[in-house]
Amino acid sequence: MNGGSLALLLLCAAPAPAQKKHLDDPAGCSWCHNDAEALKKAGLVSHGPFAFGKYDTAKTHELLPELDIRWVETEHFRIGFALGAHKIKLEEKKKLLAELTRLKEVLPEVKPETAILDPWMRTHLYAQRCEDIYKRFMEILHLGDTKFADGSGVWRGAYMGEGPFLGMKQKYEVLVLPSEAAHVVFLEANCGLQIRKSQRWHYIERGAIGIICHAQQGNLRVDQALHGHVAFNLAHNLLDGLNHYSYDTPIWFHEGLAHVMEREIDPDYNSFDSGEGAVADTTSRSDWRPEVLKLITEDKAPRLAELLSLKSYSELKLPHHYITWSMMDFLLKEKPEEFAKFVWTIKNCKDEKGLPTGANLAEWHRKSFKDCFGWTYPDFDEAWRAWAKEAYKPGIPKGGDPGPVIPGRTGFTPGGSGG
């Protein structure tokens, strides 16, 4: 036997390279087993594959082959979750026990008393959380049974967006990655960006809006912080998508509503928007009421007219964050129906053909504000300041969260026929 033949035999006898075990195979989910009936009972559509980002879930795996990404599609969301197991901390136990008890109602094999959340359980938990955020958004804006366009492209009656998901054609997307490096790879391929922090993105061709974030940013390794951060960004995306993302709306109530929805989950962790390449003004304070009172007392609180002059998130400073949150706190507690009507009106700025337009948005905002609230901007500033001085007085129990809208409450409900 010559040397070449020996080498060939040795090569053939060598063990094959180990194949990566696909831990993200949905058949390995201990809670639904990727069973179609179990998914349906849980209000879920599938564990993929499906369209996602600029491409689809297969392309995401191709871009990030080293990651185990677990996918889930709910009634309103498509979610990719790539974080590992999570050991429950003492301070998290009460909240997670309540959430997992709810999850057990639809996935009977879930164990609410568990000490560790495995990656599949975390994926199902975030599916539940995203749908909760969607429901809360619907409550705040009194959307009820509003019917949006059916996505067929046929326009019947009043314009109600381009599709059924608050007016968007496609479901809202969430991608949670473990590292900054993976985050940048996905963003560069899908959005043409090299941003190292959370990014909201409108995939115009598909008619979908997504949030991409990673656990190496800030406190996002903490479950409560990540939960709130997802809520903060979904508040922005749902507001943009309402009646279709046809134009940008004013920053002040975007940021304010996002702060409210995040702080309802946990005021100890807060997100702050900034522009591309800019460093956001942030704070680790959980109670923002004293800061608001201080700004009012020193006559340094931005007026509404000043907030309306902000053209980009990069212009937001810490006082803007405190005040937009407080103004939204005021409106949701004192004028919830009027606020819902105002947002719907702002998202219905139309041209002479009845199609959405951002033209003359500043004047449309002024008129809508007066029509819905009965205030001029200075009137609002005065009313909000008087309310904050009373509501945020020292000694009053810590609050700032508007609480859920009471079921059955009468008030504004947008109407119109779907397309």
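This briefing covers a six-stranded sheet, two helices that pack on it, and two buried residues. The model is predicted: local features need pLDDT of at least 70, side-chain atom pairs count only at pLDDT 80 or more, and totals for chains, interfaces and linings use all residues. Residues are numbered from 1 along each chain as its sequence is written, and side-chain values use heavy atoms, with hydrogens and water left out.

**The sheet**

- Six strands form an open, mixed sheet in the order β1-β4-β5-β8-β10-β9; strands (E, at least two residues) and helices (H or I, at least four) are DSSP runs numbered from the N terminus.
- The edges are β1 (44-46) and β9 (199-203); each has a single partner strand, so one side of each is left without a neighbour in the sheet.
- From one strand to the next, the twist averages 20°.
- β9 and β10 pair in the antiparallel sense over five bridges, where pairing requires that DSSP finds at least two bridges between two strands.
- Glutamine 199 has isoleucine 212 in β10 as its bridge partner.
- The hairpin of β9 and β10 has four residues between the strands, and glycine 207 takes a positive phi near 75° in this hairpin.
- β9 is largely enclosed by the rest of the structure, because four of its five residues are buried; buried means under 20% relative accessible area, exposed over 50% and partly exposed in between, with a 1.4 Å probe and protein chains only.

**Helices on the sheet**

- Helix α5 (residues 119-140) packs on the sheet and touches β1, β4 (70-74), β5 (77-81) and β8 (172-177); contact means heavy atoms within 4.5 Å.
- The direction of α5 makes about 145° with that of β5; axes are lines fitted to C-alpha atoms, for helices over the stretch in contact, and angles run from 0 to 180 degrees between N-to-C directions.
- Helix α7 (residues 223-241) also packs on the sheet, touching β5, β8, β9 and β10, and its direction makes about 160° with that of β10.

**Histidine 214**

- Histidine 214 is found in strand β10 (residues 208-214) and is buried, with a relative accessible area of 1%.
- A polar atom of the histidine 214 side chain lies 3.2 Å from the backbone nitrogen of glutamine 216.
- Not counting residues up to four places away in sequence, histidine 214 touches Leu177, Ser179, Glu180, His183, Arg196 and Leu220.

**Cysteine 32**

- Cysteine 32 lies in the loop between α1 (3-13) and α2 (36-41) and is buried, with a relative accessible area of 1%.
- Its contacts beyond four places in sequence are Ala38, Leu39, His47, Leu107 and His124.
- Cysteine 32 and alanine 42 are ten residues apart in sequence and 8.7 Å apart in space, C-alpha to C-alpha.

Note on methods. A polar contact is a pair of N or O atoms within 3.5 Å; within protein, one must be able to donate a hydrogen and the other to accept it, and residues adjacent in sequence count only if both atoms are side-chain atoms.
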